[in-house]
Amino acid sequence: MSSLGNSNNIFWQECPVGKLERQKLINQKGCVVWITGLSGSGKSTLAFALNRQLYSRGKLSYVLDGDNLRHGLNKDLGFSAEDRTENIRRVGEVAKLFADAGMICIASLISPYRKDRDACRAKLPDSNFIEASFLTKAVFMNTPLSLCESRDAKGLYKLARAGKIKGFTGIDDPYEPPLQCEIELQQIDGICRTPTAMSEQVVSYLEEKGYLEDQ
């Protein structure tokens, strides 16, 4: 008996309604906005501010928040390197489906390992193929560890420093910042920008690239 994962009896079923038709129906182009950064860097805050900004413009988006997903889709995963990789793989597959549906999918996760983020990007065509496909856009929340730790809204840094949490990103587990990203958000002269200002920057980028144009 062959295992399901290796079965030769699984076939791709083409949907009679194509991606371009779905995009035309909701007057936008599907894409993935992937927000990465340390715990406490402001990823979720930006994701939901961006979600609100797009809604106010009549554009359909959905947030895949790392913590929220661990209550359901990824509740069976821990925080080992292997589980983190599987966590990101699953989110990447779901995000791809949202984008294929024509939606703007906002994925907000620490996603600490570069290879895992690159694997998600590789699921989607490069910008040179935008006219026929959708694209992943990376947003790097370049917030210093010291600021993230001073916020510590969930008390996780305190627990990690006390040794009560092992493998915590930025403390005893690495965070690998993007080598290339479309948008990098950071403090200006030591001052954090407002969520609205940061989300407007992302919206401006999406507008410039034609994702918000009527189809």
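Select E149 to start: this residue is partly exposed, at 24% relative accessible area (buried is under 20%, exposed over 50%, partly exposed in between, with a 1.4 Å probe and protein chains only). Now add R161, which is exposed at 52%. The two form a salt bridge, with their closest N and O atoms 2.8 Å apart (a side-chain nitrogen of Lys or Arg within 4 Å of a carboxyl oxygen of Asp or Glu). E149 sits in helix α6 (residues 145–151) and R161 in helix α7 (residues 156–161), so this pair links distant parts of the chain, 12 residues apart (helices are DSSP runs of H or I, at least four residues; strands are E, at least two; both are numbered from the N terminus).

A word on what you're looking at: this is a predicted model, where local features need pLDDT of at least 70 and side-chain atom pairs count only at pLDDT 80 or more, while totals for chains, interfaces and linings use all residues. Residues are numbered from 1 along each chain as its sequence is written, and side-chain values use heavy atoms, leaving out hydrogens and water.

Next, pick E93 and K123, whose side chains meet in a salt bridge (2.9 Å, N to O). E93 lies in helix α4 and K123 in the loop between α5 (114–122) and β4 (135–142), so the pair ties together parts 30 residues apart in sequence. E93 is partly exposed at 33%, as is K123 at 23%.

Stay on α4 (residues 81–100) for R89 and E86, 3 residues apart, about one turn of the helix. Their side chains meet in a salt bridge too (2.8 Å, N to O).
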